[in-house]
Amino acid sequence: MRFAALFVFICLHSLSAFAVEFTVVLDPGHSPNKPGAISARGVPETKFNDRLAKEIARLLGSLDDVRVVLTRGPKEECGLRERLKRIHQADPDLVISVHHDSVQPHFLSGWEYQGKKLRYSDRFSGFSLFVPEKGYYAEISLMAARLLADHLIAGRQSFSTYHAMKIPGESRKWLDSKRGIFSGDFLYLSRNLKVPFVLLEAGVIVNRQEEKRLSDPAEVQRLAGLVSGAVAALRQRFENHRRKQPPQAPKPGDAGINHPKDIPASPVIRWESTQAGLEFALAPVYFHGRYVDRMVLVRADPERFRVGVHFSKEARSISDWQKRLGAPVVINSSFYQNDPLAPTTPILSGGKPLGPEKYRSSHGAFLAEPIKKGKKRFVLRDYNRELVKLEGSGYREAVVSYPMLLDGGGKVRAKPNPKWRADRSFIAVDRQGRIILGTTEGGFFSLHRLGRFLKAIAGLGLERALNLDGGPPACLCVRTKNLEYLALGRYESNDSAGREIFFWGPVEVVWPLPGVIALYPREPDEKEP
Ligand SMILES: [Zn+2]
């Protein structure tokens, strides 16, 4: 499937500076009519929550490219459903719910403060963090919570183990017992939010000492400083991994091999428009808390972009293809053979069929540019052990490939083979009929894992996705007025007899490609056929 003799060593990653805005929703817990806990001195929790959230908002708001949204104002009522709605409307990169803690009633004793009979418990103190344990954003939420805990601990805040106590109403599950982080899946927001989420219990306000501390404006400012510092650090980490640090090669026997069923995650995907109808995104991929891969994505509007499939007897690097075709986006095509260079799956290039004449497929084909009016411009067709007849398909450009990473029924059709990992490239169509081209740069994904990741990845909305090729041939080149990006496949490894064998190592290789898929802007007067 992948043969070549020519290696050219270069290193080229260029990307103009785009500022991707980072949105944080701060969610002050409870509301005036349902104020949550009552402190040892009789102050409702909402007062504490509002004060701390306001201060965090002020500090975060002063950072460049950070947008802060509050779910409610101090005097505003807001139920959980409404909160959920407002949060999703803000489309945040991170949500922090701000709370202050109490304890189960049987721990409370009575005392009198300023003539009022009140209840307190000095037994427990410290912060606690709750994050979703399940769902796509569990991984990113836990990353955020760990950073938050590290900042709080470095700022001499201690965490509480209270919620882990084996008593009714508690017995919460530790997700990180060294950092005060619990599973939050008993919470409505944790279960229902489709964005990264952390709930912070900043401290125990039924504890008389801690209440005093948390009422002190200097302490509120300090706490807010620690929280906003952690948010800034999280954003910086994402940006570094998005822009600067390419992923490392996968290591033999790492978490990717040891946890074959787990799905990695990326932060919320932020598309950048590079020209009308064409968007670009870089998504760092995390697995078990580690940065393992980076996905490069291009999305094009069928009304503004057309597809060209090309094959040449003379193999060229992806950037040479780009220059020759003058197309703003070029990605490797499907599999091919050497001697002579020929596609091993059928393709259509400008209406001309290439590759095997007889081909039975149980996977799929990408079809573009319909000959007759009224057909969708981009289609991913699924085959069921059928003979492929591209000439009669009604389209001018087509590529047959395998496996189907994600089919129309939401099924991942790649076979589980966790030890075969490589840089990957794929073509997909989303529910709005747009084409999405993607490649990975870290060699972390098996095909099965890539399919499950593409299915799970929130906000991508893929209808179908088809694998193209893997290893060094997985290349993508984007060249527009304000954006240049060259993603070159480097890694392919397979575990044989318990050992991971690298077919291609961590060297920059520019693979000569005989076939590519290109995106071209449509002429302004180009009508639907
Ligand atoms: Zn609360």
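**Core, sheets and domains of a predicted model**

Student: Which residues touch the most other members of the largest nonpolar core?

Tutor: The core holds 148 residues. A nonpolar core is a set of buried Ala, Val, Leu, Ile, Met, Phe, Trp, Tyr and Cys residues joined through C-beta atoms within 7 Å; buried means 20 or more other C-beta atoms within 10 Å of the residue's own, exposed 12 or fewer, and partly exposed in between, with C-beta atoms placed from the backbone. The members that touch the most others are Leu129, Val131, Leu148, Val198, Ala398 and Leu405.

Student: Which helix gives the largest share of this core?

Tutor: Helices (H or I, at least four residues) and strands (E, at least two) are DSSP runs numbered from the N terminus. Nine core residues come from one helix, residues 138–154, and this largest share belongs to H3.

Student: Where does this core lie with respect to domain 1 and domain 2?

Tutor: Domain bounds come from an automatic or database domain assignment. Both domain 1 (22–238) and domain 2 (269–521) give residues to the core, so its place is between domain 1 and domain 2.

Student: What should be known about the model and its numbering?

Tutor: This is a predicted model, in which local features need pLDDT of at least 70 and side-chain atom pairs count only at pLDDT 80 or more, while totals for chains, interfaces and linings use all residues. Residues are numbered along each chain, as its sequence is written, from 1.

Student: Which residues does Val131 touch, not counting those up to four places away in sequence?

Tutor: Two residues are in contact if their C-beta atoms, placed from the backbone, lie within 7 Å. For Val131 this gives Ala138, Ser141, Leu142, Ala145, Leu175, Ile181, Gly184, Ser190, Phe197 and Val198.

Student: How many residues of domain 2 are in contact with domain 1?

Tutor: The centres of the two domains, taken over C-alpha atoms, are separated by 43 Å. Seven residues of domain 1 take part in the contact, and on the side of domain 2 the number is six.

Student: In what order do the strands of the open sheet of seven strands come?

Tutor: Two strands pair if DSSP finds at least two bridges between them. The pairing in this sheet is antiparallel, and its edge strands, each pairing on one side only, are E10 (272–275) and E24. The order is E10-E11-E12-E27-E26-E28-E24.

Student: How many bridges join strand E11 to strand E12?

Tutor: E11 covers residues 278–287 and E12 residues 290–300, and the two run antiparallel. One bridge partner pair is Pro284 with Arg294 in E12. The number of bridges joining E11 to E12 is 10.

Student: Is Asp407 buried or exposed?

Tutor: Asp407 is found in the loop between strand E24 (404–406) and strand E25 (420–422). Leaving aside neighbours within four places in sequence, Asp407 is in contact with Asp382, Arg413 and Arg464. Because Asp407 has 20 C-beta neighbours inside 10 Å, it counts as buried.

Student: Which are the edge strands of the open sheet of three strands?

Tutor: The strand order in this sheet is E25-E31-E32, with antiparallel pairing. Five bridges join E31 (residues 492–496) to E32, and Ser496 stands opposite Arg499 in E32. The strands that each pair on one side only are E25 and E32 (499–504).

Student: What percentage of the residues in the protein is buried?

Tutor: The protein has nine helices and 33 strands. Of its 529 residues, the buried ones make up 50%.
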